Amino acid sequence: MLLANLELAFRAGAVALLLVLAASLFSDFRNVLAARLGAAFALGSAAHAVSYSVGVTSLVPAWHAPLIALSTGIIVVFWLFTRALFDDEFRLRSWHGLIWALVTAFSFAGCVWIAPGGHVRFSVTVVNLIVLGFIALAVGQTIASWPADLVERRRRVRVFIVCAAALYGGLNALLQIFVAGSDVGGVANTINAGVLACVVAAIAYAMMRVDGADLFPVAAEPAPAIAPSQPVAEDAADQKLTDALMRLMADERIYRQENITIGVLAGRLKIPEYRLRRLINQRLGYRNFNVFLNNHRIEEAKAALADPAQAEVPVITIAMDAGFQSLGPFNRAFKAVTGVTPTEYRRLKVSAA
């Protein structure tokens, strides 16, 4: 009786925290994609807290099946949430919704037909391998995009949030695979509920310690001017570094270098990486290092596309000369900044001449 009450208390606490977190995100940042996905992830995690149990038998209560399906599909939302949180230019596509629907539908079918048909281990194993796959994608996205993040507080908290959620989800998925088809008892479920409540509380606490605008910018990142602004009380040392950075970009066109990193740029300026991140973020207004580089590349490309002497030069040549590695990313970045494709931009400049 004590274990059952303790498990119920842990589950109720986790659900309450997740619902408050979802409501807070939706209320304060409803126009930000990452926040909406975060709220959806919190709601799906609440469904997980209500329905999850360690060890799965062939008999799943009918009311549990939709909750289990939603808690499985939430791993797709988790992956999308990490992408939107760490990539300010990420946009949802229809195929993202299709993936979520397929994962959710398979989980529901596993609860209603596959497991009751005598294939418990198959159903549980496939579902949890899917979960592990999306966790791997989310962690990979975090690692790949982390060096380019210029918002220091977001850099610190995002690793904790993703790692905590991924570690809990990954260990649960592995545990389910190994104990599929068996009933491991109330102790395991009580411990699991307690761990979940602690993870949720830790994530909520971490998010409260960070300014929401750092995690969820209300507006898309602007394209700051290439020339830096001049704050009235700007520190002289930072101004000197800013001038040196802009000379590297304007005179040496260091952004053209293949695979240029913030570490390489910091080395050229002979300063630590963290200081260069702060300089680009706080002085020049960028949240992402790749956006900073691409804006300089696009400025060069705009000048080349508007030059009558280069009217016959292919767009791909102009893109690669400016530092882009392929045409697709160049087209997307160019349109995000100018609102038109490179070909349309060239045509408009020619007609205006």
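The dialogue below walks through helix packing, salt bridges and buried helix faces in a predicted model.

Biologist: Where should I begin if I want to read how two helices pack, and at what angle do helix 9 and helix 11 meet?

Modeller: Begin with the two axes: helix 9, residues 236-250, and helix 11, residues 273-283, pack at an angle of about 90 degrees, and their axes are 11 Å apart. Since angles of 65 to 115 degrees count as roughly perpendicular, helix 9 is therefore roughly perpendicular to helix 11.

Biologist: Which residues make the contact between helix 9 and helix 11?

Modeller: Helix 9 contributes Ala237, Asp238, Leu241, Thr242 and Leu245, while helix 11 contributes Arg275, Leu276, Leu279, Ile280 and Arg283. By character, the residues of this contact comprise six nonpolar, one polar and three charged.

Biologist: How should I read charged side chains, and how many salt bridges does the structure hold?

Modeller: The general idea is that side chains of opposite charge can pair when their charged atoms come close. In this structure there are eight salt bridges. One of them belongs to the contact we have just discussed, where aspartate 238 and arginine 283 meet through their side chains at 3.1 Å, N to O. This pair links distant parts of the chain, with aspartate 238 in helix 9 and arginine 283 in helix 11, 45 residues apart.

Biologist: Is aspartate 238 buried or exposed, and what is the relative accessible area of arginine 283?

Modeller: Aspartate 238 counts as buried because its relative accessibility is 11%, the cut-off for buried being under 20%, whereas arginine 283 is partly exposed at 22%. Glutamate 300 and arginine 253 form another salt bridge, with their closest N and O atoms 3.9 Å apart. Glutamate 300 lies in helix 12, residues 289-305, and arginine 253 in the loop between helix 9 and helix 10, so this pair ties together parts that are 47 residues apart in sequence. Of these two partners, glutamate 300 is buried at 14%, and arginine 253 is partly exposed at 35%. Salt bridges that share partners also join Asp238, Arg275 and Arg283 into one network.

Biologist: What does a salt bridge within one helix look like, and how far apart in helix 1 are arginine 11 and glutamate 7?

Modeller: An α-helix has 3.6 residues a turn, so residues three or four places apart point the same way. Arginine 11 and glutamate 7 both lie in helix 1, residues 2-29, four residues apart, or about one turn of the helix. Their salt bridge brings the closest N and O atoms to 2.8 Å. Both partners count as buried, arginine 11 at 15% relative accessibility and glutamate 7 at 16%.

Biologist: How do I read the buried side of a helix, and which residues of helix 10 are buried?

Modeller: List the buried residues, then look down the axis. For helix 10 they are Ile262, Leu265, Ala266 and Leu269. These residues cover an arc of only 100 degrees around the axis, which puts them on the same side of helix 10. They pack against helix 9, helix 11 and helix 12. Helix 10 is followed by lysine 270, whose phi is positive, near 60 degrees.

Biologist: Which residues of helix 13 are buried, and what do they pack against?

Modeller: In helix 13, residues 315-322, the buried residues are Val315, Ile318, Ala319 and Ala322. Viewed down the axis, these fall within an arc of 100 degrees, so they line one face of helix 13. They pack against helix 12, helix 14 and helix 15. Just after helix 13, glycine 323 adopts a positive phi of about 120 degrees.

Definitions and conventions
Residues numbered from 1 in each chain as written. Predicted model: local features only at pLDDT ≥ 70, side-chain atom pairs only at ≥ 80, totals over all residues. Heavy atoms only, no water. Axes fitted to C-alpha atoms, helices over the stretch in contact; angles between N-to-C directions. Parallel < 35°, antiparallel > 145°, perpendicular 65-115°, else oblique. Contact = heavy atoms within 4.5 Å. Nonpolar A, V, L, I, M, F, W, Y, C, P; charged D, E, K, R; others polar. Salt bridge = Lys/Arg side-chain N within 4 Å of Asp/Glu carboxyl O. Buried < 20%, exposed > 50% of the residue type's maximum accessible area, 1.4 Å probe, protein only. Arc of directions from axis to C-beta.
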